[in-house]
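Got your viewer open? Load the model, show it as a cartoon, and keep the selection box handy for a walk from the whole fold down to single side chains.

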Amino acid sequence: MLSVLIETRNHEDALARTLASLVGGAVEGVVREVIICDAGSTDRTQLVADHTGCQFLAGGLAAGIRKARSEWLLFLKPGTRLAEGWMAEVVEHVTNGGGAARFTRSRMSRPPILSRLFSLRRPRFDGLVIEKARAQALARGEEDAAWLARKVSARRLSGEIHLPA
């Protein structure tokens, strides 16, 4: 159902935390594959990917999108963890053909209220679920997942995501 793409560069510890939150999705058949799009790591990121059965791809996001086998993609940052209940939310969204979607930040991951009110730039990359064809049309070069997330209008899913500090 989903191909998960994670961009990395020297994120071995953070990658392990993210992959651990995807195990349930793999067991249930929601996560079909995980592709690690690496931008030149010098730590043991590739070893973590290999030991967990992920595909390790030295290259940009566009190459990872092309390699993905599923029609729906899930982009995550290293260190993010999906909260319990995320699978049902994503399955319902994909089944209904809902277009691009983002997760809701968990209470612990939200910045303080004053920071949110007075911030000029709000990060919009809270995990992204998008159709492969749409992602391919947008990402043609050296773009990253955060750039891709800013280019699409996405529905907010009620499933929560825990972002790294």
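The tour goes from the overall fold to the sheet, then to the helices, the cores and a few single residues.

**Whole chain**

Before selecting anything, keep in mind that this is a predicted model. With the whole chain on screen, you have seven helices and eight strands to look at. The protein chain has 165 residues, and 47% of them count as buried. If you draw the contacts between residues at least 6 apart in sequence, 78% of those contacts join residues at least 24 apart.

**The sheet**

Now colour the strands. In what order do the eight strands lie in the open sheet? Reading across, you go β3-β2-β1-β4-β7-β6-β8-β5, and the pairing is mixed. Select 55–58 and 81–82 to see the edges: these are β3 and β5, and each pairs on one side only.

Next, zoom in on a few of the pairings:

- Select 101–105 and 155–162: here β6 and β8 run parallel, joined by four bridges. Pick T104 and you'll find its bridge partner in β8, E160.
- Select β4 and β7, which run antiparallel and are also joined by four bridges. Click on L73, then go over to I130, its bridge partner in β7.
- Select β6 and β7, an antiparallel pair with two bridges. In this one, R102 stands opposite L128 of β7.

**Helix α4 across the sheet**

Select residues 86–95 to get α4, which lies across β1, β2, β4, β5, β6, β7 and β8. Line up the view with β8 and you'll see the helix running at about 155 degrees to that strand.

**Helix α1**

Move to 12–28, which is α1. Is its length what a helix of 17 residues should give, or not? At 1.5 Å a residue, the expected span is 24 Å, and the end C-alpha atoms are 25 Å apart, so the two agree. It does have a kink, though: about 35 degrees, centred on L22.

Show the side chains of E12, A14, L15, T18, L19, S21, L22 and G25, which are buried in α1. The buried residues of this helix pack against β1, β2, α2, β4, β5 and α4. Just beyond the helix comes G29, with a positive phi near 85 degrees.

Step back to the loop between β1 and α1 and pick N10. Its phi is positive too, near 60 degrees, in a residue other than glycine. N10 counts as partly exposed because its relative accessibility is 34%, and the cut-offs for that class are 20% and 50%.

**The cores**

Which residues have the most contacts inside the largest nonpolar core? Select I6, L22, V34, L74, W86 and F103: they are the ones, in a core of 26 residues. At least two core residues come from each of β1, α1, β2, α2, β4, α4, β6 and β8. Apart from this core lies another, of 18 residues, among them L5, L57, A135 and A145.

W86 is a good place to stop with a neighbour selection. Leaving aside residues up to four places away in sequence, W86 touches L2, S21, L22, G25, V30, V31, L74 and F103.

**Three single residues**

Start with S3, in strand β1. Buried or exposed? S3 is buried, since its relative accessible area is 0%. Sequence neighbours up to four places away aside, S3 touches E33, A68, R69, S70, W72, L73 and L74.

Next, go to D144 in the loop between α6 and α7. At 35% relative accessibility, D144 counts as partly exposed. Beyond residues up to four places away in sequence, D144 touches E7 and L61. Put a distance label between the C-alpha atoms of D144 and C37: it should read 9.9 Å, for two residues 107 apart along the chain.

Finish at R155, in strand β8. With a relative accessible area of 43%, R155 is partly exposed. Not counting residues up to four places away in sequence, R155 touches E89, H93, A100, A101 and R102. One last distance label, C-alpha to C-alpha from R155 to V129, gives 9.5 Å for residues 26 apart in sequence.

Methods: Residues are numbered from 1 along each chain as its sequence is written. This is a predicted model: local features need pLDDT of at least 70, side-chain atom pairs count only at pLDDT 80 or more; totals for chains, interfaces and linings use all residues. Side-chain values use heavy atoms; hydrogens and water are left out. Two strands pair if DSSP finds at least two bridges between them. Contact means heavy atoms within 4.5 Å. Axes are lines fitted to C-alpha atoms, for helices over the stretch in contact, and angles run from 0 to 180 degrees between N-to-C directions. A nonpolar core is a set of buried Ala, Val, Leu, Ile, Met, Phe, Trp, Tyr and Cys residues joined through side-chain atoms within 4.5 Å. Buried means under 20% relative accessible area, exposed over 50%, partly exposed in between (1.4 Å probe, protein chains only). The expected span of a helix is 1.5 Å times one less than its number of residues. The bend at a residue is the angle between axes fitted to the seven residues ending there and the seven starting there.
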